[in-house]
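Student: I would like to learn how to read the features of a structure. Where do we begin?

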Amino acid sequence: MNKQDAHARAESLLKQMTVEEKIAQMTQISYAGCTREEALMWAERGAGSFLHVLGDDAREIQQTALHTRLGIPVLFGIDAVHGHCLNRDAAIFPSQLSMACSFNPELPKKIGRATAEEVAEDGLHWTFAPVLCLARDPRWGRVDETFGEDPYLAGEMGAAMIRGFQGDQLDDPESILACAKHYIAYGEAVGARDACDTEVTMRKVREVFLPPFRKAMEADCATVMTAYGSLDGTPLTLHEEVLKRVLRDELGFKGFVVTDWDNVNSLITNQHVCADMEDASVKAAQAGNDMMMRTKEFYEAAVAACKDGRLSMEQVDTAVMHILTVKAELGLLDYPEKPCRKGRIGCEEHRALALDAAREGLVLLRNNGMLPLKGAKKIAVIGPNADDIRAQYGDWTYFTHPMNNPDETEPQRPYTTVLEGMGNVFTDAEIVYHKGCDVMNRTPSDLEGAVAAAKGCDAIVLVLGDTIQQAGETHDRADLSLTGDQDALFRKLRALGIPMTVVLMSSKPLCIPAEAAEADALVVAFNGGMAGGQAIAELLAGKIAPVGRLPISFPVHTGQIPVYYNSLTGWHGGKYEDQPAEPLFAFGEGLGYTTFAYSDLAFDPETLQLTVTVTNTGDVEGTETVQAYLRDVVSSVMTPVKKFVAFTKVTLNAGESKTVSLPLSRESFSLINAKEQQVVEPGEFLLMAGHSSKDADLLTLSVQMA
Ligand code: NOJ
């Protein structure tokens with residue numbers, strides 16, 4: 001239904017609603033937080049939304065809602081962030097961070113679509129994804145949920161994913177609502193301590209954190225989630241400037257805003273800016289939050305506040321109009337459950353997509369010629385994450401967020417671990433396996449056992465990383481070194497002198513300077529989803545070529561953070577006395593099984609097209625991700641040493657050359673000035689194109705902009 005009709009439909013409902021019914025629409029109930037009877041009572045009251053309820057439980061609630069006076073259907077939300085992963089039958093895709101390695105927006109778009117089909121089949125309507133926070137401090141627990149450190153890449157990938165979830169029309173049978181979260185600057189909390197204060201100015205918010213949300217609005221994202229934290233001491237839940245002036249007036253957001261989990265209550269308990277629930281409810285609603293997640297006490301407090309005039313009816317009506325208009329646009333008022341196809345949950349097509357996605361997410365960072373691995377007769381597969389599906393899946397699956405039956409959290413097939421993938425792919429080789437140690441030393445290590453297993457092998461594949469206990473909310477880390485005996489395991493195996501590939505299966509960059517320097521090959525796999533192990537084995541065998549690039553920089557040492565590529569310059573080079581100036585790996589890095597050369601960088605000031613010729617200088621076909629960066633040479637405020645502005649992919653046969661175009665826009669050249677205005681300041685700009693964000697990988701051209 002188009003926006004105009006949806007608005008009219010919402011308006012006619014609003015006119016018939018009592019105060020209680022309006023406030024109920026603004027209340028979102030956590031199914032896990034109440035008994036079945038309570039859930040049905042909330043449905044009878046007309047609660048606008050429930051979260052974390054699946055299938056028949058959701059259907060029962062919906063039936064109750066449909067039999068209320070106005071029969072307004074409940075909107076069901078779920079964290080389907082890399083697939084409909086809280087449903088154990090679903091296709092489990094790679095994490096957002098892994099998806100970002102593809103530098104291919106078509107991928108999150110397809111994953112968004114597949115996820116929407118699965119969510120819709122479960123009778124649900126809304127996913128709390130994508131995450132548009134930036135991961136500029138890898139100590140943060142939620143790095144895996146992001147598209148990495150760069151605003152432009154996150155915006156491109158996020159907007160594509162939103163288009164996948166929401167389809168061409170929200171009322172298509174298999175479209176669901178997307179949610180741009182967490183608004184805003186949540187990933188930059190001080191010290192990477194989850195949900196603490198973010199000490200940045202509004203200028204910085206606009207320059208760094210807002211662009212992905214702007215892209216989300218251009219993609220017509222239907223909902224936005226308010227972050228937990230605070231910005232310079234003002235809880236985001238109460239931040240009228242970002243919730244109203246920036247989001248509504250400037251970005252033109254027309255959908256509804258939902259708070260994050262119990263944000264209203266946190267105004268009292270964690271943030272100490274409200275005295276009681278009525279105070280918190282009034283302030284959260286007045287600031288522009290339309291729906292309150294999980295805080296059911298909001299209902300009575302807000303009804304009372306409306307009656308005694310402390311909460312304005314105008315504000316309540318605005319919020320309810322936002323919610324009902326989205327419900328109407330989604331088709332929910334006509335179809336409480338989408339008339340979608342059945343049999344899509346975990347279907348073969350989605351499993352094939354999960355494999356493609358895992359392949360595109362692999363990043364080869366070192367290779368002294370060991371890979372592709374040919375002719376090995378006996379291969380040792382070693383390490384704590386070689387056969388651990390939980391580590392491979394990462395956060396936000398039925399392991400980490402069990403829903404209805406928390407005791408039944410055994411892994412459910414189909415999935416393929418690295419060990420299994422190696423067996424599938426290297427059919428002519430003998431595969432020996434030893435775990436060696438735990439990621440966190442929960443069980444005794446057996447380093448000698450691992451060494452004994454590896455002796456006599458032609459190759460070692462060592463799979464290291466982190467575990468699901470080391471990622472997610474409340475799991476920020478002060479030290480990003482490999483934990484447990486993983487480094488010791490690496491050293492002992494390395495001492496054997498057998499060709500060794502290290503695979504890093506982790507939720508985020510870890511500090512692995514020894515592995516990077518000494519392994520024969522290094523592959524970063526992050527959390528690759530159900531087919532992650534198969535994809536890794538295929539890459540090692542050369543059945544597929546590595547195409548991934550890093551969407552996030554890797555520090556050499558935790559104390560070297562921040563190491564994001566788009567820093568501002570410092571007087572003394574911004575270098576620590578005891579650390580190198582450069583990160584271990586920079587944004588955009590990643591090798592293939594061939595090499596590329598760049599030439600003829602040119603710019604057309606009329607069309608703003610940057611062109612560059614790329615030549616495959618190796619012996620085999622390969623795909624390059626051509627990256628463009630820009631530097632403003634003299635500006636009224638300091639600007640980053642480089643800013644990522646465009647990318648494209650090109651596949652070339654051995655020896656082949658092609659000239660590729662990278663379209664820039666006026667916006668690419670803009671900055672946020674001291675008055676918080678987005679402007680292009682005339683003068684010289686350096687345009688760069690090449691293989692990664694590293695200076696040595698880029699050709700540079702000076703241009704003038706009027
Ligand atoms: C809290 C998380 O911060 C958010 O990302 C998630 O969507 C909600 N809980 C609902 O589970």
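Tutor: Begin with the contacts of the ligand: in this predicted model, an oxygen atom of the ligand lies 2.5 Å from a polar side-chain atom of Asp 79.

Student: Which other side chains have a polar atom at a listed distance from an oxygen atom of the ligand, for instance that of His 182?

Tutor: For His 182, the distance from a polar side-chain atom to a ligand oxygen is 2.6 Å. In His 52, an N or O atom of the side chain is 3.2 Å from an oxygen atom of the ligand. A pair of N or O atoms counts as a polar contact within 3.5 Å.

Student: How much of the ligand's accessible area does the protein cover?

Tutor: On its own the ligand has 290 Å² of accessible area, and the protein covers 97% of that.

Student: Which residues around the ligand come nearest?

Tutor: There are 14 residues around the ligand, and the nearest are Asp 79, Arg 142, Lys 181, His 182 and Asp 260. Sorted by class, this shell holds 7 nonpolar, 2 polar and 5 charged residues.

Student: Now the pockets. How much space lies in the largest pocket, and which residues are closest to its centre?

Tutor: The largest pocket holds about 800 Å³ of space. Its lining has 29 residues, with Tyr 565, Ser 567, Ala 581, Glu 582 and Val 641 closest to the centre. By class, that lining is made of 14 nonpolar, 9 polar and 6 charged residues.

Student: What lines the second largest pocket?

Tutor: This pocket has about 690 Å³ of space and is lined by 37 residues. Nearest its centre lie Pro 151, Glu 207, Pro 211, Lys 643 and Ser 670. The elements that each give two or more residues to the lining are helix 7 (151–166), helix 8 (202–218), strand 20 (622–632), strand 21 (643–652) and strand 23 (671–672).

Student: Which element gives the most to that lining?

Tutor: Helix 8 does, with 8 residues. By class, the lining of the second largest pocket counts 17 nonpolar, 7 polar and 13 charged residues.

Student: How many aromatic pairs are there in the whole structure?

Tutor: A search of the whole structure gives 24 aromatic pairs. One of them joins Trp 126 and Phe 256, with 5.2 Å from centre to centre and 70° between the planes. Planes over 60 degrees apart count as edge-to-face, and this pair is edge-to-face.

Student: What does the pair of Trp 126 and Phe 256 tie together?

Tutor: Trp 126 is in strand 4 (residues 126–127) and Phe 256 is in strand 10 (residues 256–259), so the pair ties together parts 130 residues apart in sequence.

How values were computed
Residues are numbered from 1 along each chain as its sequence is written. This is a predicted model: local features need pLDDT of at least 70, side-chain atom pairs count only at pLDDT 80 or more; totals for chains, interfaces and linings use all residues. Side-chain values use heavy atoms; hydrogens and water are left out. A residue is near a molecule or strand if one of its heavy atoms lies within 4 Å of it. A polar contact is a pair of N or O atoms within 3.5 Å; within protein, one must be able to donate a hydrogen and the other to accept it, and residues adjacent in sequence count only if both atoms are side-chain atoms. Accessible areas come from the Shrake-Rupley method with a 1.4 Å probe; for residues, only the protein chains shown count as cover. Ala, Val, Leu, Ile, Met, Phe, Trp, Tyr, Cys and Pro count as nonpolar, Asp, Glu, Lys and Arg as charged, and the others, Gly among them, as polar. On a 1 Å grid over the protein atoms alone, a cavity is a set of points where a 1.4 Å probe fits but cannot get out, and a pocket is an open set with protein on both sides within 12 Å along at least five of seven lines; lining residues have an atom within 4 Å of a point. Grid points are joined across faces, edges and corners, and a volume is the space filled by probe spheres set on the points. Helices (H or I, at least four residues) and strands (E, at least two) are DSSP runs, numbered from the N terminus. Rings of Phe, Tyr and Trp (its six-membered ring) pair if their centres lie within 6.5 Å; planes under 30 degrees apart count as stacked, over 60 as edge-to-face and the rest as tilted.
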